[in-house]
Amino acid sequence: MKKDTTPFFVGYLKPAKKLRSFLLAVGVGLALLLTTFGIVIGGTQDDPGYGSFRFDYGPQTVSGVVEMLPYPILHVTDGNERVPAGETLMLTAGGKTGVAQRAARFDGKKVKATGVVLERGALNMLQLRGGKRGLDAIDGEEATAPTPEPLGKWKLAGEICDGKCLAGAMRPGRGLAHKACAALCLIGDIPAVFVSTKPVEGADFLMVLGKDGEALPKAAYDYIAQYISVEGDITRHGNLLVFTIDPGTIEVLE
Amino acid sequence: MNTAEALVDFVRIWFMIGGVVAAFFLVIGIDRIDEDARGAYVFRPLIVPGILLIWPLVLWRWWVLETGRDNPDARFHPVRSAHGVAAFSMAIIITVTVIIGLSNRQEWPADFEPVRLSAPEGTSQ
């Protein structure tokens, strides 16, 4: 009977001489291929930006007035070194949930809010602690939210994102790679934010609402993370711009 | 209903059905099709997440084993030649998908200037 001399690879044994060059070529080739693939894919990705959770600040406690848009925002009246008075913070809870239900009963009232700050330039958000430790009314103190200032009707180009990931909860917090996450966050009532191609009245980021001031319309959900142009009215609430869009004017850009 | 909500609802319903299948399978089915599992209970909660994901496969295997249609020798059959074609095709499809995806990406419209269509009511533009 003829002896079969075909080399056979066994992982825990020294490789057969005939197989060594082949295995070396495959190993080096695979490493080069994957490295090249990683560099090419990585090179095509957009800069995720500089937003981040500021755990290094520690929990921040500020006082202010809650305004329901219907996404809740906090106009800070008594701030601190990190979050000065006059700031307007969007509010959120942990995970992919907003705090609209928790905050609704404090609409127009002065509250004490405690949580972790998310910062991305002029876009600020506070992830509240749970229960009354995160948000509670301050009895006996009066304060009013700044009067909204209409800025007219605008046509902007950019992208609809969720405010939490964009502010720094995720990197990247925008773009197609983040589309599913953004959709889940927005379904969970986290404030929607529009990223404009160029600053509008000094702001790159605007909170997005529906035409009648409702939360992001369902008709706009399919355009999340796509580059679009859209028309709507802009109003300044504190130092936050609010863009009430008409979903019928959305156009997907090339 | 938009696509995102439909996907979330689909996953929710899938997991709910999976939960029902897990309850029936771990209480009734597993004792009927796997004699080694009889009298063993602690491990059962550990396989709940798996059942939530692949409950149709669990139901199918339960039915195959329950009705005596199983061929226990099948698992020792050599890998079918079609697997090679499938693996090669998958490598091609993934590569082509990545290339098409990257080449069809939208460009960030960096040059688009915000346009003020009208001034707020009560003011002149």
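Select helices α1(B) and α2(B) to begin: in this predicted model, the two helices lie oblique to each other, because a crossing of roughly 45° falls outside the ranges that count as roughly parallel, antiparallel or perpendicular. The first of the pair runs over residues 3-33 of chain B and the second over residues 48-66 of chain B, and their axes come within 8 Å. Viewed as a crossing, the passage of α1(B) over α2(B) is left-handed.

Next, show the side chains at this crossing. On α1(B) the contact is made by B:F15, B:I17, B:G18, B:G19, B:V21, B:A22, B:F25, B:G29, B:R32 and B:I33, while α2(B) contributes B:V48, B:I51, B:L52, B:L53, B:W55, B:V58, B:L59, B:W62, B:L65 and B:E66. Colouring these residues by character gives 15 nonpolar, three polar and two charged.

Staying in chain B, move on to helix α3, residues 82-103, whose 22 residues reach 31 Å from the first C-alpha to the last, close to the 32 Å expected at 1.5 Å a residue. This helix, α3(B), is hardly covered, with a count of zero buried residues among its 22.

Finally, turn to chain A and select A:K218, which is placed in the loop between strands β10 (203-209) and β11 (228-237). A:K218 has 16 other C-beta atoms within 10 Å and is therefore partly exposed, since a buried residue would need 20 or more and an exposed one 12 or fewer. Adding A:P247 to the selection shows a residue 29 positions away from A:K218 along the chain, with 9.0 Å separating the two C-alpha atoms.

How values were computed. Residues are numbered from 1 along each chain as its sequence is written. Chains are lettered from A and ligands numbered from 1 in the order in which they are written. This is a predicted model: local features need pLDDT of at least 70, side-chain atom pairs count only at pLDDT 80 or more; totals for chains, interfaces and linings use all residues. Helices (H or I, at least four residues) and strands (E, at least two) are DSSP runs, numbered from the N terminus. The expected span of a helix is 1.5 Å times one less than its number of residues. Axes are lines fitted to C-alpha atoms, for helices over the stretch in contact, and angles run from 0 to 180 degrees between N-to-C directions. Angles under 35 degrees count as roughly parallel, over 145 as roughly antiparallel, 65 to 115 as roughly perpendicular and the rest as oblique. A crossing is left-handed if the near helix is turned anticlockwise from the far one by less than a right angle, and right-handed if clockwise. Two residues are in contact if their C-beta atoms, placed from the backbone, lie within 7 Å. Ala, Val, Leu, Ile, Met, Phe, Trp, Tyr, Cys and Pro count as nonpolar, Asp, Glu, Lys and Arg as charged, and the others, Gly among them, as polar.
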